[in-house]
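The following note is offered to a colleague who is beginning to read protein models. Please keep the structure in view while going through the numbered points.

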Amino acid sequence: MFFTPPASLLIVIFVSTLSAAAIVSLMTWWRDPNRRDRGAGEAGQSIFLFDGDCLIDASPPARRLLDRLDGIGTERARLCALLEHRFPGLGARLDAVEGDGNFRSEARGGLGRIEVEHWSGLLRLTLDSNQEAAAVIDAIAFAALQDELETLRCIGEDAPQLIWKLDESGRLSWANRAYMALAERMTRPPGGRSDSRSDGPPRESAGWSPEELFQEFDFTPAGPDAESCRVNLVLPGETRRRWYEITRLRRGTERVHFALEITEIVEAEQARRKFVQTLTKTFAQLAIGLAIFDRERKLVMFNPAFHDLTGLPIAFLSSRPQVQTVLDRLRDGNMLPEPKDYASWREQVAALEAEAARGTYCETWSLPSGQTYRVTGRPHPDGAVAFLFEDITAEISLTRHFRAQIDTGRAVLDTLPEAIAVFSAGGTRLLHNSAYDALWGETGSDLAETGLTDEIRRWQGMLAPTPVLGELRDFVAAFGERAEWSDQLRLIDGRGLTCRFTPLPGGATLTSFSPEMPDRPRIALRTTTLEEAGRESEGMIRLQRG
């Protein structure tokens, strides 16, 4: 009987055997005297051994080089980032290496070469396998530093803002091209030309050391190690004052300054300040109370009319109270419509604020004192809300007075037995009495929607054919002076009507309809000529003699 091991045990034994073989092969390859003779045993060489991205071993010079590398990522990634400057495309070639093999690459600028060997997934990098390896590494690092220094120098020199540095004694020790150009312009006589050539750098034409442009400073803290201030100067030949915002940083015993021109910003701020002052003066003359609350609902602006209408103290309004606090004080002073309960009033206040933010709030407040205010809410930029308080007590009183007069006039018309209707110059029915509805029937439509044409059409359905209605249409639409006239109409049931049309001020026309009385003679209101009057008088004399 034979024992059969499980499959998992066989896999473990197989993997262990392969690992041991790989380790033995690695030690044999690494300790190969031929390879060691080619560089591993030479002093000053930088040799790196990677398994994928993981560093397995490195020579002392290589480790010293790795210790100076900063940044994130693996040792292989940081090393490739450093060597990429002198060996362009090295990272891509290393990523493309597959199988066993090796290649060499010469450094740009003749500063050395690199040898790459790949075997069984292991990667070996040897920098310049000659006796000058240490010098090559220093040259590569130095070249990288030189490139970084050149980049920083270009940034400082080509920056549009002014940059300069003062030593511990306050003397100018360095300045960029923008500072030197401005210094040259300040020293150049008005209308004169610089002695420097047009293509020469500003620093050479300005000379060293130029005078300091800004003399007076009043710095305020702008950060943990920074200070800032605003200064101005007038360039030769100009009347416009230029403003600069200067930031000062302390670096050891020296001070670095950055100046950014903010002339347009300062001028915009001054224009805005003047505009606000103009608005404030304008608001001060308004009879409408104005109160503006910012996005946090704090009172930021109010005019005297708001103080006069609400009676709130100036000291209270100047403390920037919340909108809820202002409304509470208005309620305490009986300047708000009194609700049935306080809870519902708070809900109305919340709705007032929300509707004002949407620009839909407009209400009429009837105060217990008898005054009437129209309150309007309007949204402002950046989430602010403005409230307008207008005293419309006189307007409401006048409206009520006119309404009472109109109601009195309607009541008087309703007592008349004649059917009366008044039409505007445009033919719209303005008013009528109850006798008119009794004669012609109620239309059931609004007065503003009832026109003369519709009324004439309704009358024609109840009258015998007559040209009077056409003449009435022309009379209402006529311009200039008009004279009162009358005529006779007959209903389809046989009853007669006496109609009278009278012009009113403003182009309006009064129409009157009264039924004929059988025992009263009809009187036609018309103009009688002198000849007709003479004949009528002669006829009356003959009747008397007969």
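1. The lining of the largest cavity is a good place to begin, and the model in which it is found is a predicted one. Helix 12 supplies the largest share of that lining, namely three residues. The largest cavity encloses about 60 Å³ of space. Its lining is made up of 11 residues, and those closest to the centre are F293, V323, L327, F387 and F389. Three elements each give two or more residues to this lining: strand 12 (289-293), helix 12 (323-332) and strand 16 (385-391).

2. What classes of residue line the largest cavity? The lining has 11 nonpolar residues, with no polar and no charged ones. In the structure as a whole, the count comes to two cavities of 30 Å³ or more.

3. The aromatic rings deserve attention next. The whole structure contains 14 aromatic pairs. One of them is formed by W365 and F389, whose ring centres are 5.9 Å apart; their planes stand at 75 degrees, which is over the 60 degrees required, so the pair counts as edge-to-face. W365 belongs to strand 14 (residues 362-366) and F389 to strand 16, so that the pair links distant parts of the chain, 24 residues apart. Both W365 and F389 are buried.

4. A further pair consists of F423 and W459. Their ring centres lie 6.4 Å apart and their planes are at 80 degrees, so this pair is edge-to-face. F423 is in strand 17 (residues 419-423), while W459 is in helix 16 (residues 452-460); the pair links distant parts of the chain, with the two positions 36 residues apart in numbering. F423 is buried, as is W459. These two residues also belong to one aromatic cluster, formed by F423, W440, W459, F475, W485, F501 and F513.

5. Where do charged side chains lie over the face of a ring? R482 lies over the face of F475, at 4.7 Å from the ring centre. F475 is itself a member of the aromatic cluster described above. R248 is placed over the face of F219, at 4.1 Å from the ring centre.

6. The sheet arrangement may be considered now. Six strands make up an open sheet with antiparallel pairing, in the order 7-6-11-10-9-8. Strand 7 (172-175) and strand 8 (220-221) are at the edges and have a single partner strand each, so one side of each has no neighbour in the sheet. Within the order given, strand 10 (residues 241-251) and strand 11 (residues 254-261) run antiparallel and are joined by eight bridges. In this pairing, T247 stands opposite F258 of strand 11.

7. Another antiparallel pairing is that of strand 19 (residues 485-490) with strand 20 (residues 496-503), joined by six bridges. D487 is positioned opposite C499 in strand 20. Strand 19 and strand 20 form a hairpin, with five residues between them, and G494 in the turn has a positive phi of about 100 degrees.

8. Which residues other than glycine have a positive phi? One of them is R297, with a value of about 65 degrees. R297 is located in the loop between strand 12 and strand 13 (299-302). Its relative accessible area is 14%, which is under the 20% limit, and R297 therefore counts as buried.

9. N334 also has a positive phi, near 55 degrees, and is not a glycine. This residue is in the loop between helix 12 and helix 13 (342-358). Is N334 buried, partly exposed or exposed? N334 is partly exposed, because its relative accessible area of 44% falls between the limits of 20% and 50%.

10. A final point concerns V412, which is part of helix 14 (residues 393-415). With a relative accessibility of 46%, V412 counts as partly exposed. V412 and N433 are 21 residues apart in sequence, and their C-alpha atoms are 8.7 Å apart in space.

Key: Residues numbered from 1 in each chain as written. Predicted model: local features only at pLDDT ≥ 70, side-chain atom pairs only at ≥ 80, totals over all residues. Heavy atoms only, no water. 1 Å grid on protein atoms, 1.4 Å probe; cavity = no way out; pocket = protein on both sides within 12 Å on 5 of 7 lines; lining within 4 Å. Points joined across faces, edges and corners; volume = space filled by probe spheres on them. Helix = DSSP H or I, 4+ residues; strand = E, 2+ residues; numbered from the N terminus. Nonpolar A, V, L, I, M, F, W, Y, C, P; charged D, E, K, R; others polar. Phe/Tyr/Trp six-rings, centres within 6.5 Å; stacked < 30°, edge-to-face > 60°. Buried < 20%, exposed > 50% of the residue type's maximum accessible area, 1.4 Å probe, protein only. Lys NZ or Arg CZ within 6 Å of the ring centre and 35° of its normal. Pairing = 2+ DSSP bridges.
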